[in-house]
Amino acid sequence: MTDGSPPAAIDAVPLRHPWRWVAAVVIVILLGLFVYGAATNEAYGWETYVKYLFDQRISEAAWNTLQLTIYSMVIALVLGVLLAVMRLSPNPVFKAVSWTYLWIFRGTPIYVQLVLWGLVPVIYKNIQLGVPFGPTLFEFSLSDPNVFWLAVLGLGLNEAAYMAEIIRAGISSVPEGQAEASVALGMSWGMTMRRTVLPQAMRVIIPPTGNEFISMLKTTSLVTAVPYSFELYGRSKDIGVQLFEPVPLLLVASTWYLAITSVLMIGQYYLERYYARGASRKLTTKQLEALAKAQMGEPHP
């Protein structure tokens, strides 16, 4: 039986974990040894690294890499939305076309696809558009193509297959009642997707899309298969071969990739926070009071 006095305070003693500190010290020592070894190793060519870090050819290549990334992701986003909507459409033809596209572009390596895009001028020397068995309305030659745009198409069409699945998952995360309410208000299926479902799905779509954008930046290093060598990796590799010093130029390219990726990660953070508005998991004061009353058995007003 208790006398109504409050219970004594518990003197909680946190557990000690000495091995955590030992492991941390070992890691710091190993990291210091690696940094010292890299700084004193002549094979890294730090003088060459500093000399070419802000070289005009490298900065131009970084700009080309950023353009490749942006243009490819624009294509991927637009086509990804279309493919996702087609796959969720009740039309069986749209579903079949979307599924076939995803099957082909997700089932073959991106490098192989880029090589094929580089061979497009060999496969199709001239492209003609017109009326079947009638006059030609439009014709152009691929004998001297712009390899930059071939690289953009190769990257964008491949990424669209992955973006379609991300967008489809985001759309599926929206409760069905939202779409049903929109239809009850007289909206068409397309308007429901555009005005009700997609805006709510952005909370799920944005985080993986940011990751794909960052991944696309690094995937641009594969466009040498097209061949397009004026992006960051290709340009650094060419300069390294000319100097017979590939290591410092690869470090230069890595530094630029890290810098651009860091900026993109910051933008992704603020974009995610913007679309997460109104989705706080913290309970309001009224919700906490209602929860406390429910636990005490009091009727809710």
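How much space lies in the second largest pocket? I start there, and then move on to the other points that caught my eye in this predicted model.

1. The second largest pocket holds about 280 Å³ of space. It is lined by 13 residues, and Ile 171, Glu 176, Ala 179, Met 193 and Val 197 are the closest to its centre. Helix 7 (147-172), helix 8 (176-184) and helix 9 each give at least two residues to this lining. By class, the lining residues are nine nonpolar, two polar and two charged.

2. Now for the largest pocket, which has a volume of about 350 Å³. Its lining is made of 14 residues, with Leu 77, Ile 206, Thr 209, Gly 210 and Leu 271 nearest the centre. Helix 3 (56-88), helix 9 (189-219) and helix 11 (246-275) are the elements that contribute two or more residues to that lining. Helix 9 provides the largest share, seven residues. Ten of the lining residues are nonpolar and four are polar, with no charged residues.

3. Next, the salt bridges: the whole structure has four of them. Arg 87, Arg 106, Glu 165 and Arg 168 are joined in a network of such bridges, and it is worth going through Glu 165 partner by partner.

4. Glu 165 pairs with Arg 87, with their closest N and O atoms 2.7 Å apart. This pair connects distant parts of the chain, since Arg 87 sits in helix 3 and Glu 165 in helix 7, 78 residues apart. Glu 165 is buried, at 18% relative accessible area, whereas Arg 87 is partly exposed at 24%.

5. A salt bridge also joins the side chains of Glu 165 and Arg 106 (3.6 Å, N to O). Arg 106 belongs to helix 4 (residues 92-107) and Glu 165 to helix 7, so this pair ties together parts 59 residues apart in sequence. Arg 106 is partly exposed, with a relative accessible area of 42%.

6. The partner within helix 7 is Arg 168, three residues from Glu 165, about one turn of the helix. Here the closest N and O atoms are 3.0 Å apart. Arg 168 counts as partly exposed, at 26% relative accessibility.

7. Met 86 is also in helix 3, and is buried with a relative accessible area of 14%. Leaving aside residues up to four places away in sequence, Met 86 touches Phe 94, Lys 95, Val 97 and Ser 98.

8. Finally, helix 5 (residues 110-118) has Ile 110, Gln 113, Leu 114 and Trp 117 as its buried residues. Viewed down the helix axis, these buried residues fall within an arc of 100 degrees, so they line one face of helix 5.

Note on methods
Residues numbered from 1 in each chain as written. Predicted model: local features only at pLDDT ≥ 70, side-chain atom pairs only at ≥ 80, totals over all residues. Heavy atoms only, no water. 1 Å grid on protein atoms, 1.4 Å probe; cavity = no way out; pocket = protein on both sides within 12 Å on 5 of 7 lines; lining within 4 Å. Points joined across faces, edges and corners; volume = space filled by probe spheres on them. Helix = DSSP H or I, 4+ residues; strand = E, 2+ residues; numbered from the N terminus. Nonpolar A, V, L, I, M, F, W, Y, C, P; charged D, E, K, R; others polar. Buried < 20%, exposed > 50% of the residue type's maximum accessible area, 1.4 Å probe, protein only. Contact = heavy atoms within 4.5 Å. Arc of directions from axis to C-beta. Salt bridge = Lys/Arg side-chain N within 4 Å of Asp/Glu carboxyl O.
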